[in-house]
Amino acid sequence: MPGSTVSGRSRRARKQPSRVGLALAGGGPLGGIYEVGALLALTDSLEGIDLGRLDVYVGVSSGSFVAAALANGISPAQMYRLFINDGADAALTPEIFLRPAFSEFARRAARVPWLAFRAAAQALRDPFRRGMMESLATLSHAVPTGMFDNASIDGFLGRLFKAPGRTNDFRKLERKLYIVATNLDTGASVTFGARELDHVPISKAIEASAALPGLFPPVHIGGEYFVDGALNKTLHASVALDEGVDLLLCVNPLVPFDASGASRNGHTTVEKLSRGGLPVVLSQTFRAIIHSRMKAGMDKYRRQYPDADVLLFEPDREDADMFFASIFSYAQRKHLCAAAYRKTRENLRARGPALASRLARHGVALRADRLADETRTIDDALTDPRPLNVGRSRRRRVGQTTRDLAYTLDHLERWLAAAR
């Protein structure tokens with residue numbers, strides 16, 4: 001793991017620019033949608049920072065999609081059009097996540113005759129001690145390890161990162177990118193992009209980090225098998241903090257749903273989640289576990305990295321839309337992304353005075369005029385002709401012409417995609 005070099009306090013004492021990082025947690029496609037909306041709000045509301053030019057990016061599970069896109073120069077507005085918009089330039093469709101894992105099914109099916117013979121032999125050898133359940137346990141080895149084919153995700157991202165100005169190679173990025181997965185056989189976290197693991201293609205690392213057990217098979221890389229990076233930690237923010245980051249922005253899209261509070265305040269008619277059946281119960285359980293673990297991690301970061309400012313952005317715990325949403329509806333995707341944009345702006349307004357002082361230490365300011373405008377929507381952020389926020393130390397080098405050029409190229413990309 002990379003080690004810290006210069007502390008934030010000594011760097012500011014020597015008047016060096018603050019190092020800024022971004023850590024994005026997982027949460028499936030729904031989490032990625034939320035993160036795009038939150039990043040659009042941060043881009044729109046913060047002055048003195050460019051989310052596409054940070055020093056360090058850390059992504060876990062679906063957060064690795066978004067982190068890798070930012071590190072490759074894909075802005076949150078471009079991500080909206082590629083991943084969420086239902087227009088002609090939308091590139092990511094639900095079908096990419098829902099392709100059956102036929103190769104995994106075939107491998108497991110090929111083992112059924114041998115496993116059935118073995119189970120029968122065990123039962124016949126000792127019929128009084130070996131019951132039906134033990135025979136079924138032997139046959140369970142034929143159950144597929146995942147329902148959907150995550151290789152299609154690798155293929156999609158590989159094509160996306162081959163575009164001019166982008167790369168699928170950690171070593172060729174201008175900025176540090178780290179993607180965290182879990183080694184299935186050891187249970188240890190593995191950081192792709194770190195030394196000795198930076199040769200793995202970025203798309204393959206994302207495939208591994210997002211391989212949620214049960215949905216996607218483990219990913220084979222270099223003789224090892226990897227699964228979802230969120231199994232050990234929710235954010236893995238320490239990866240960025242160990243790089244000497246002074247300001248770390250964190251986005252966690254999954255929080256436990258407060259059904260009682262939401263019902264009491266008129267946000268939903270569902271007061272008891274048990275009525276939603278097993279999927280709802282499992283979803284709430286998973287959210288509660290990872291959120292509790294993340295809170296413990298945030299407390300630990302404050303003790304271990306006292307000179308760093310770590311700012312966390314999350315959804316409202318009474319947001320019923322976020323909890324019950326179907327990730328496979330484009331209409332809901334756009335609605336949820338807009339809700340994430342709105343909720344993040346509300347969060348910034350509510351925490352305004354405290355955030356302002358912490359951000360100011362790093363040359364970043366809240367755009368009070370935009371935050372005060374309660375009529376501002378995600379469409380305003382998407383159509384703003386100058387969405388880029390450039391750090392104060394860089395403004396002398398990046399002028400208005402560069403920002404206008406970025407805007408023009410952004411719209412040219414939309415036109416070309418539509419033409420194709």
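Contact here means heavy atoms within 4.5 Å.

**Figure 1. Overview of the predicted model, with its secondary structure and its pattern of contacts.** In this predicted model, among contacts between residues at least 6 apart in sequence, 77% join residues at least 24 apart. The protein contains 19 helices and ten strands, and of its 420 residues, 49% are buried.

**Figure 2. Close-up of the packing of helix α3 against helix α9.** Helix α3, which spans residues 62-71, packs on helix α9, residues 202-209, at an angle of about 160°, and the two axes are 8 Å apart. Because angles over 145 degrees count as roughly antiparallel, α3 is described as roughly antiparallel to α9. The crossing in which α3 passes α9 is right-handed. From α3, the residues that make the contact are S64, F65 and A68, and from α9 they are I202, I206 and S209. Sorted by class, the contact of α3 with α9 comprises four nonpolar and two polar residues, with no charged residues.

**Figure 3. Close-up of the packing of helix α2 against helix α4.** Helix α2 (residues 28-45) and α4 meet at an angle of about 155°, with 9 Å between their axes, an arrangement that makes α2 roughly antiparallel to α4. The crossing of these two helices, α2 and α4, is left-handed. On the α2 side the contact involves I33, V36, L39, L40 and T43, and these meet P76, A77, M79, Y80 and I84 in α4. The residues of the contact of α2 with α4 divide into nine nonpolar and one polar, and none of them is charged.

**Figure 4. Close-up of helix α8 and the elements that cover it.** Helix α8 runs over residues 151-160, and seven of its ten residues are buried, so the helix is largely enclosed by the rest of the structure. The buried residues of α8 are S152, I153, D154, F156, L157, G158 and L160. Among the elements that cover these buried residues are α3, α4 (76-84) and α9; the helices α3 and α9 also appear in Figure 2, where they pack against each other, and α4 appears in Figure 3 with α2 as its partner.

**Figure 5. Close-up of T344 in helix α14.** T344 lies in α14, a helix that covers residues 330-350, and T344 is buried, with a relative accessible area of 2%. When neighbours within four places in sequence are left aside, the residues in contact with T344 are Y34, A38, A41, L42 and F313.

**Figure 6. Close-up of S263 in helix α11.** S263 belongs to α11, which is made up of residues 259-264, and at 22% relative accessibility S263 counts as partly exposed. Apart from neighbours within four places in sequence, S263 is in contact with T268, V270 and E271. Between S263 and A320, which are 57 residues apart in sequence, the C-alpha to C-alpha distance is 9.4 Å.

**Figure 7. Close-up of the cysteines C250 and C337.** C250 is buried, at a relative accessible area of 0%, and C337 likewise counts as buried at 0% relative accessibility. A search of the whole structure finds zero disulfides.

Note on methods. Residues numbered from 1 in each chain as written. Predicted model: local features only at pLDDT ≥ 70, side-chain atom pairs only at ≥ 80, totals over all residues. Heavy atoms only, no water. Axes fitted to C-alpha atoms, helices over the stretch in contact; angles between N-to-C directions. Helix = DSSP H or I, 4+ residues; strand = E, 2+ residues; numbered from the N terminus. Parallel < 35°, antiparallel > 145°, perpendicular 65-115°, else oblique. Left-handed = near helix turned anticlockwise from the far one by under 90°. Nonpolar A, V, L, I, M, F, W, Y, C, P; charged D, E, K, R; others polar. Disulfide = S-S within 2.5 Å. Buried < 20%, exposed > 50% of the residue type's maximum accessible area, 1.4 Å probe, protein only.
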